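I opened the notebook today to look up two things: how a pair of helices pack, and what surrounds the bound nucleic acid strand.

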Amino acid sequence: MSDTRISIMEIAKRRGFYWKAYEIYGGLGGFYDYGPLGAMLKENILRIWKEEFVIKDGLLMLDGPNIGPELMYIASGHAEKFADYMVRCKKCGHVFRADELLKGVVENPEKLDKKGISKAIKEYGIRCPDCGGELTEPESFHLMFSTTVGLDKRAFLRPETAQGIFVNFPIMYRLNREKLPFGVAQIGKGFRNEISPRQGLLRLREFNMAEIELFVDPYDDSILNDFEDVELHLLTRNGEELKLSPKEAIGRKIMNPHIAYYMAKIVKFLDSLGIDLKRVRFRQHFKEELAHYSQDTWDCEILISSGWVEVTGIADRGDYDLKSHTTYSGKDLTAIRRFKEPKKIQIKKLRPRMEILGPMFKKDAKKIAEMLENMEYIEGDVEIEINGKNVKIPKDAYEIKIEEEVVGGERFIPHVIEPSFGVDRILYAILEHSFYEREDTGYKVLKLKPKIAPIKAAVFPLMAKDDLDTLAIEILNKIRENGVPSYYDDSGSIGRRYARADEIGVPFCITVDYESLKDNTVTIRERDSANQKRLKIDDIPKILKDLVEELIDFESL
RNA sequence: GCAGGCGUAGUGUAGUCUGGCAGCACAAGGGCCUUCCAAGCCCUUAGCCCGGGUUCAAAUCCCGGCGCCUGCACCA
């Protein structure tokens, strides 16, 4: 493990950013607690996310349940993976899907249960296709956590928040007053029963996601909003490495314009979180790497000590999800594409002549008449299915009339662009990119930006006596009153207190000294430069708030 | 899940081979001292991952479990 990662893990636990969950019971792999600092840091990241992606673009937020019905996950394609059995080669360690190995050997291998697979492998002497080694007993491979709702209804914990958005498409579409493009954002937990989660926050079984489903008309390239033309570091699936602006990338048709739009926003977002943009790139998935629902996917990757890690994926899901949910639910999940001007369409309609139909079809005549009225006439014989039989309707039993209809638009299934953010990974990357050791002393510092730092200010009395302490506490209370997370510390030397604050990324320290008693001023110290300015105590709450919101910068004081 | 390594105060570690009073540093709490960048002194709190076995005696040896790290595999 890299030194940086070791230091971060150590600080995270000792100072309270995060730690393995359930430690008193020996821990549970892939589950972490966020402590006081981590919980605040996560909130700050999400607040900025909402500002950048939800508020600025007028997206709609949604907050749905974690548990979803089985049928929804059958429709989404996730459940298909649920019942797979895997076998591994005892010799070379390669893993295979049991049903793949048994294809052509037994009939319907996918229908076998664990015992059946085990029996078939032994009976037919199936061995490792790579090295001929012996295979292990089959193991079920559950990617989703399953549970039961009520007595016996099968359900799953969501592996992504996306499905909860798709199934609400009609409501959200209406709430957006039926305009495209529009996006729905959801922040929440996702659950995946990983085989072997490792690397701390980078691979969790229960994780925090922030997802957007942008619903677009595939024939309309207009993007949500204007954007800053930043430089993107791209790695295409052809192996090309490019430095392009999103506008150039769109021009060269490297990706969908909506994807380029989100790339620009992501770069800006990561920058505002303190991620080093030199260590950010977008990597296009290889065809075989694409998820079952995806047509094109670009991962935003950040370089950390263990290599490039995916923190955000932008997937072009096409109409996969809405189409599939339409099939399984039987509900209409379409949008309307309005014509610039309503079109007048001439439709040939049928008018039933009851005096002929009546005697001919008796009881069925009424039903047939209704069906004829609702039909569009196409040249040729008219046939109707009634009581399971096709019946030819004689020409004299109807008249053809031409009706004019005004059509405002046509219905279609919107396409979906999905930027999906792994909040835990972003949080970890921020910690790594923020971490450094002071050149002179080697003391550890997190250079967290004021906006995201969990604690914004620390207030110290130079000495914990002579009323310096009471004045410091007064100042602390004023700052807290003003909504700025802060703490008081009078233990140890002043230098130790600065160091303690630096280690958890407190950007500003306020020190009450003997001059404070004379002229009502205090010093304020900026973390990274260790520079100090002297300010009036009365001005502190306002100035500190502006510093924390990054409206002013320390050097300008 | 496999292979290898590992698990000792809040954190980092020594001790494990060769069984015999569990030690150090930092942190934390209290006190003295101290007028701006982890000073010093005194005191205190606090630990052998869990379970079983062997033994007069287990942090140490054996078995099982849990967890972590690295590699393989997996990561829609």
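I began with the helix pair in this predicted model, and I found that Thr4, Arg5 and Ile8 in helix 1 meet Tyr428, Leu431 and Glu432 in helix 13. Sorting that contact by class, I noted three nonpolar, one polar and two charged residues.

I then looked up the geometry: the axes of helix 1 and helix 13, the latter spanning residues 423-434, come within 10 Å and cross at roughly 110°. Since angles of 65 to 115 degrees count as roughly perpendicular, I entered the two helices as roughly perpendicular to each other because of that crossing angle. For the handedness, I recorded that helix 1 passes helix 13 in a right-handed crossing.

Next I turned to RNA strand B, which 45 residues surround, the closest being His78, Ala291, Tyr443, Ser493 and Arg500. Of the atoms of RNA strand B that come within 4 Å of the protein, sugar and phosphate account for 52%. By class, I listed 17 nonpolar, 14 polar and 14 charged residues on the surface near the strand.

I looked up individual polar contacts as well. A polar side-chain atom of lysine 20 lies 2.7 Å from a sugar or linking oxygen of RNA strand B, while one of arginine 203 lies 2.9 Å from a base oxygen. In alanine 530 a polar backbone atom is 3.0 Å from a base nitrogen of the strand.

Last, I checked which elements give two or more residues to this surface, and they are helix 1 (3-16), helix 15 (494-503) and strand 27 (521-526). Helix 15 supplies the largest share, six residues.

Methods. Residues numbered from 1 in each chain as written. Chains lettered and ligands numbered in written order. Predicted model: local features only at pLDDT ≥ 70, side-chain atom pairs only at ≥ 80, totals over all residues. Heavy atoms only, no water. Near = heavy atom within 4 Å. Polar contact = N/O pair within 3.5 Å; in protein donor to acceptor, adjacent residues only side chain to side chain. Helix = DSSP H or I, 4+ residues; strand = E, 2+ residues; numbered from the N terminus. Nonpolar A, V, L, I, M, F, W, Y, C, P; charged D, E, K, R; others polar. Axes fitted to C-alpha atoms, helices over the stretch in contact; angles between N-to-C directions. Parallel < 35°, antiparallel > 145°, perpendicular 65-115°, else oblique. Left-handed = near helix turned anticlockwise from the far one by under 90°. Contact = heavy atoms within 4.5 Å.
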